Structures are given as structure tokens and as C-alpha cells.
Amino acid sequence: MKAIFSSICLLFIVHTLPAQDGWLYWKYKDYDGMAITVPSWVVEAGSWFLPERQERKLLRKVDKVRFMMFENNENPVSDRDMKRFTRKAKLRGLEDLVVVRDGKTNVRVMGKERRKSLRKIVVMVHSEDEFVFVSVKGRLRFNDINQIIEKYDKKEKNKDKDAKPLIPSVMKIPVSRV
Amino acid sequence: MKKQLYLLPLFVLVTILSAAAQNDGITRFFKQYEDDERFTMVFVSPKMFQMVSKIETDDEDWNKVREVVKDLGGLRVLTADSIADGLEMYKTALSRVPQNEYAELLTVRDGKENVRIWVKDSGNIIEELLLLVGSPDEFTMLSFTGKIDLDKISELSKTLDIDGAEHLGKLKKSKEKE
């Protein structure tokens with residue numbers, strides 16, 4: 001009897017766990033604000049328009065993006081639900097990466113890493129009048145992220161080289177203390 | 001023999017509890033003020049440092065940061081730049097630092113500003129660095145954990161955009177004086 005009871009409990013836990021992750025999104029998605037789920041096929045289609053191969057490659061590794069935003073003093077998400085979400089997310093293997101609280105604004109970045117790739121990133125900004133929730137699910141490999149960063153890094157450096165100084169270096173501006 | 005076996009878990013428990021109690025004062029101080037709106041709270045988890053250290057680029061500055069970050073365990077900051085009782089807070093925090101556990105590394109008083117840095121080491125490895133800054137209207141408490149190299153950590157003072165982190169640069173200067 002005990003064994004049956006424990007197996008039922010285990011089955012229940014295993015069955016309900018996947019639903020806990022997007023729980024906050026599903027609860028508040030119909031409130032006045034913005035809530036979008038971008039499925040993998042849309043992400044894939046979006047990647048066709050990217051000119052660079054590396055960016056396309058990275059974007060194709062994104063499975064799903066969820067975005068939810070409330071602003072203009074219309075934040076329905078309670079502190080209690082935020083705490084509940086964090087607790088449940090941790091049960092699902094998401095870990096706190098960065099937590100910042102400045103005044104009444106809370107920023108939390110959570111992530112899940114598995115087999116050298118980022119499986120999920122959740123970013124939440126929560127204040128009395130605003131709420132932003134971004135969840136990106138996929139298989140983002142660190143090597144791919146490295147390549148993109150390197151590419152942009154090189155671009156930035158080239159930009160700095162090409163940029164002409166506003167004041168030619170030969171021109172000296174006389175400065176005197178009044 | 002059996003009695004000794006029973007005592008073993010008890011011994012392990014006491015050891016763990018006593019180790020936790022040593023650090024308790026500082027942790028409790030952080031916990032006490034982490035929800036206080038006068039302060040800004042920042043927490044960067046070990047996982048974040050681990051992930052960041054996997055990002056490889058050709059950028060020299062970044063590689064310097066990577067070198068420091070790869071061995072870090074976590075960062076906790078509590079800071080306030082416009083409070084009325086900065087010095088009182090400083091004194092309270094000072095009393096919570098277990099002096100027998102931490103070795104004082106640096107003390108600076110510049111006008112009404114006080115800066116103190118402690119380290120906690122085991123053997124040759126520095127496991128924690130604690131920075132405390134207090135002035136009549138400012139207060140900062142910063143704690144780094146992990147394997148800390150004092151030369152390298154002073155490099156972070158340029159990278160971290162956190163009030164009070166610039167004092168980490170004093171570590172290098174004090175070492176150079178020696």
C-alpha cells in the first residue's frame with residue numbers, strides 16, 4: 001500500500017513539475033499588458049532574415065521565448081507570487097545568477113545550465129508599477145556565445161579605429177582658469 | 001565502538017554548525033538589510049562567475065577579468081549613498097565581524113570616510129574578502145568568496161560599477177608600498 005501511495009505521489013510530482021516553470025506567465029498573461037510567446041518555428045523563421053551565419057546559428061538554438069510586460073502603474077504581479085515563482089523555479093533547476101534590489105525595484109536573472117549549454121534564462125524586473133518577464137529556452141552553447149561576442153568586439157574595435165576625433169589632435173584649445 | 005559510531009554524526013553536525021556560526025554575523029547583517037529600501041543590494045552567484053569565466057575573447061581587459069572571476073565563489077554587496085546614519089551602520093557592521101576569524105588587511109581613514117578590508121584564509125588560500133566603507137552619509141559592505149588572489153581582485157575595482165568597489169584598488173597600492 002505504501003509503495004503504491006509513494007509511486008502515485010512521485011508520478012504526481014513528475015507530472016506537475018514541468019508546468020510550474022511557466023506558471024507565472026500563464027497566471028498573468030491575460031491581464032492588461034503585453035504577453036507574447038514566440039514558438040521555435042517563428043524563431044527559426046526569424047533567423048532567415050539575419051545576414052550573419054553565426055547569429056543565425058545561435059538563434060536557431062533558441063526553442064522558445066516568453067515575454068510579459070506591465071507598465072504605467074499597472075503591475076498586477078504580487079510580491080507573494082514573485083517569491084512563489086522563484087521558489088518553484090529553483091525546484092526546476094533554475095539558479096540565481098544575479099539579484100539586484102535598488103529602492104523598490106528588484107532585478108533577478110536566473111539560469112539553467114546543462115551539458116555545457118545554457119538551457120534557460122529568465123530575467124525579471126519587478127517594481128511597484130512595472131513588471132518585465134523574459135524567458136528564453138534553448139540550447140545556447142558557450143562557444144556560440146563566444147563567437148558572437150568576439151565578432152561584435154572586433155566590430156567595435158574597428159569602429160573606434162575608423163572614428164575621426166571631433167577635435168583634430170593638432171588643434172590646441174587654450175584653457176585658462178578663471 | 002558502536003558508541004563512537006553514534007558520536008561521529010554528532011561531531012560532524014557540531015563542526016558544521018560552528019563553522020556556520022562564525023560567518024553568521026556577516027550573513028545576518030546582509031539578511032537584515034537586504035530588503036531595506038535605503039540600501040542597494042547586489043548578489044552575484046558562483047554560477048554566474050562560473051558561466052562568465054567560460055566566455056573567451058581576444059580582449060585583454062576581458063581576459064584579465066576572466067582570470068579573476070574563474071575562481072570566485074560569489075559576491076554580495078550592500079550599499080547606500082545617501083543615508084543619515086552611515087557611521088552608525090559602519091560601527092554596527094564592524095562589531096559583527098568575527099575578529100578571530102578575519103585578519104585585518106587594510107585600514108584607511110580619510111576625513112570622515114573609513115575603509116577597512118579583512119580577509120579570511122585557510123593556509124595560503126584567501127577564502128573571503130570583506131570590505132567595509134562608512135562615512136556620515138555613505139555605507140558599503142562588500143563580500144567576495146572563493147579562491148581570491150589579492151593582486152587580481154584589485155583589477156576588479158576598475159570593472160565593477162558599484163559604489164565602494166573602487167576601494168579594492170587600495171589593496172594593490174598598499175602591497176606596492178610594502
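This is a selection-by-selection tour of a predicted model.

**Chain B, overall**

Start by colouring chain B by secondary structure. It has 7 helices and 6 strands, and their order along the sequence is α-β-α-α-β-α-β-β-β-β-α-α-α. Of the 178 residues in chain B, 43% are buried.

**The cores**

Next, select Leu72(B), Leu75(B), Leu129(B), Phe144(B), Ile148(B) and Ile153(B). They belong to the largest nonpolar core, which has 35 residues, and they are the ones that touch the most other members. Strand 5 of chain B, residues 125-135, gives the most to this core, with 4 residues. A second, separate core holds 22 residues; among them are Phe30(B), Tyr33(B), Met41(B) and Phe43(B). As background, nonpolar side chains in soluble globular proteins tend to be buried together.

**Rings in chain B**

Show Phe29(B), Tyr33(B), Phe39(B) and Phe139(B) as sticks. Ring pairs join these four into a cluster. Tyr33(B) is also one of the residues of the second core. Phe139(B) lies in strand 6 of chain B, residues 138-148. Is Phe139(B) buried or exposed? Its relative accessibility is 0%, so Phe139(B) counts as buried. Now add Tyr90(B): its C-alpha atom is 6.6 Å from that of Phe139(B), with the two positions 49 residues apart along the chain.

Then select Phe30(B), another of the residues of the second core, together with Arg76(B). Arg76(B) lies over the face of Phe30(B), 5.9 Å from the ring centre.

**The edge of a strand to check**

Select Ala103(B), which is found in strand 3 of chain B, residues 103-110. Ala103(B) has a relative accessibility of 36%; this falls between the 20% and 50% limits, so the residue counts as partly exposed. Measure from Ala103(B) to Leu130(B), C-alpha to C-alpha: the distance is 10.0 Å, for residues 27 apart in sequence.

**Rings in chain A**

Move to chain A and select Phe85(A) and Phe133(A). They form one of the 8 aromatic pairs found over all chains. The ring centres are 5.7 Å apart and the planes stand at 80 degrees, so the pair is edge-to-face; the cut-off for that class is over 60 degrees. The pair links distant parts of the chain: Phe85(A) is in helix 5, residues 79-91, and Phe133(A) is in strand 6, residues 131-141, 48 residues apart. Phe85(A) is buried at 1% relative accessibility, and Phe133(A) is buried with a relative accessible area of 2%.

In chain A, also select Lys88(A) and Trp23(A). The charged end of Lys88(A) sits over the ring of Trp23(A), 5.1 Å from the ring centre.

**The largest pocket**

Finish with the largest pocket, which encloses about 920 Å³ of space. Which residues lie nearest its centre? Select Lys83(A), Arg101(A), Asn106(A), Arg108(A) and Asp35(B), out of 27 lining residues. The lining takes at least two residues from each of helix 5, strand 3 (95-102), strand 4 (105-114) and strand 5 (117-126) of chain A, and from strand 1 (40-44) of chain B. Helix 5 of chain A gives the most, with 6 residues. Colour the lining by residue class: 14 residues are charged, 7 nonpolar and 6 polar.

Conventions. Residues are numbered from 1 along each chain as its sequence is written. Chains are lettered from A and ligands numbered from 1 in the order in which they are written. This is a predicted model: local features need pLDDT of at least 70, side-chain atom pairs count only at pLDDT 80 or more; totals for chains, interfaces and linings use all residues. Side-chain values use heavy atoms; hydrogens and water are left out. Rings of Phe, Tyr and Trp (its six-membered ring) pair if their centres lie within 6.5 Å; planes under 30 degrees apart count as stacked, over 60 as edge-to-face and the rest as tilted. Buried means under 20% relative accessible area, exposed over 50%, partly exposed in between (1.4 Å probe, protein chains only). A charge sits over a ring if NZ of Lys or CZ of Arg is within 6 Å of the ring centre and within 35 degrees of the ring normal. On a 1 Å grid over the protein atoms alone, a cavity is a set of points where a 1.4 Å probe fits but cannot get out, and a pocket is an open set with protein on both sides within 12 Å along at least five of seven lines; lining residues have an atom within 4 Å of a point. Grid points are joined across faces, edges and corners, and a volume is the space filled by probe spheres set on the points. Ala, Val, Leu, Ile, Met, Phe, Trp, Tyr, Cys and Pro count as nonpolar, Asp, Glu, Lys and Arg as charged, and the others, Gly among them, as polar. A nonpolar core is a set of buried Ala, Val, Leu, Ile, Met, Phe, Trp, Tyr and Cys residues joined through side-chain atoms within 4.5 Å.
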